[in-house]
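Here is a set of questions and answers on strand pairing, core packing and one polar residue. Please keep the model open while reading.

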Amino acid sequence: MTLALGALGVTLAPSASAATPCPSGAVCIREANGSILSKNIFYSYGAHNLSNVTGTRVIVNNQTGGAGFQICKGYNGADCYPVQRATGAYAPYDFTPINSVVLVR
């Protein structure tokens with residue numbers, strides 16, 4: 001399943017990965033080497049501002065119950081792409097212009 005993100009035509013598609021697993025119930029951002037830093041594991045609904053997350057990364061949705069996420073250009077959940085609900089690891093994406101992640105029910 002391929003998921004389009006916004007008017008920019010950005011595409012994220014769930015993909016298989018053997019990197020560090022994202023904990024159940026969380027959304028995680030993987031480093032380029034496949035590891036996940038504790039500061040990039042998000043459990044609570046709402047906006048989470050990012051710090052020093054640049055370059056190509058993989059976002060993983062391991063939430064349950066159909067919960068989703070949005071990536072946003074602005075801090076505090078401003079200027080966001082559409083909600084993504086598919087679980088699993090998404091295709092690598094350049095996070096340089098991304099400043100927050102929002103978890104949604």
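Q: In this predicted model, what is the strand order of the open sheet of 3 strands?
A: The model is predicted, not experimental. Pairing in this open sheet is antiparallel. The twist averages 20 degrees from one strand to the next. The order is β6-β11-β8.

Q: Why is one side of β6 and of β8 left without a neighbour in the sheet?
A: β6 covers 46–49 and β8 covers 68–72. Each has a single partner strand, so one side of each lacks a neighbour in the sheet. Both strands stand at the edges.

Q: Which residue of β11 is the bridge partner of I71?
A: β11 spans residues 100–104 and pairs with β8 in the antiparallel sense. There are 5 bridges between β8 and β11. In β11, I71 has as its bridge partner V101.

Q: Which residue in the turn of the β4 and β5 hairpin has a positive phi?
A: β4 (residues 27–30) and β5 (residues 36–42) run antiparallel, joined by 3 bridges. One bridge pairs C28 with I41 of β5. The hairpin leaves 5 residues between the strands. A positive phi of about 95 degrees belongs to G34.

Q: How many residues make up the largest nonpolar core?
A: I29, L50, I59, I71, F95 and V101 touch the most other members. β4, β8 and β11 each supply at least two residues of this core. Another core lies apart from it, with 7 residues that include C28, V58, V60 and A89. The largest core holds 16 residues.

Q: Which residues does I59 touch, not counting residues up to four places away in sequence?
A: I59 is among the members of the largest core that touch the most others. Its contacts include I29, I71, F95 and V101. The full set is V27, C28, I29, F69, I71, G88, A89, Y90, F95 and V101.

Q: Is N61 buried or exposed?
A: N61 is found in strand β7, residues 56–61. Beyond its neighbours within four places in sequence, N61 contacts A26, V27, A67, G68, F69, Q84, R85, A86, T87, G88 and Y90. Its relative accessibility is 0%, so N61 counts as buried.

Q: Which backbone oxygen lies 3.3 Å from a polar atom of the side chain of N61?
A: The N61 side chain also has a polar contact of 3.1 Å with the side chain of Q63. At 3.3 Å, the backbone oxygen is that of A67.

Notes:
Residues numbered from 1 in each chain as written. Predicted model: local features only at pLDDT ≥ 70, side-chain atom pairs only at ≥ 80, totals over all residues. Heavy atoms only, no water. Pairing = 2+ DSSP bridges. Helix = DSSP H or I, 4+ residues; strand = E, 2+ residues; numbered from the N terminus. Axes fitted to C-alpha atoms, helices over the stretch in contact; angles between N-to-C directions. Core = buried A, V, L, I, M, F, W, Y, C linked by side-chain atoms within 4.5 Å. Buried < 20%, exposed > 50% of the residue type's maximum accessible area, 1.4 Å probe, protein only. Contact = heavy atoms within 4.5 Å. Polar contact = N/O pair within 3.5 Å; in protein donor to acceptor, adjacent residues only side chain to side chain.
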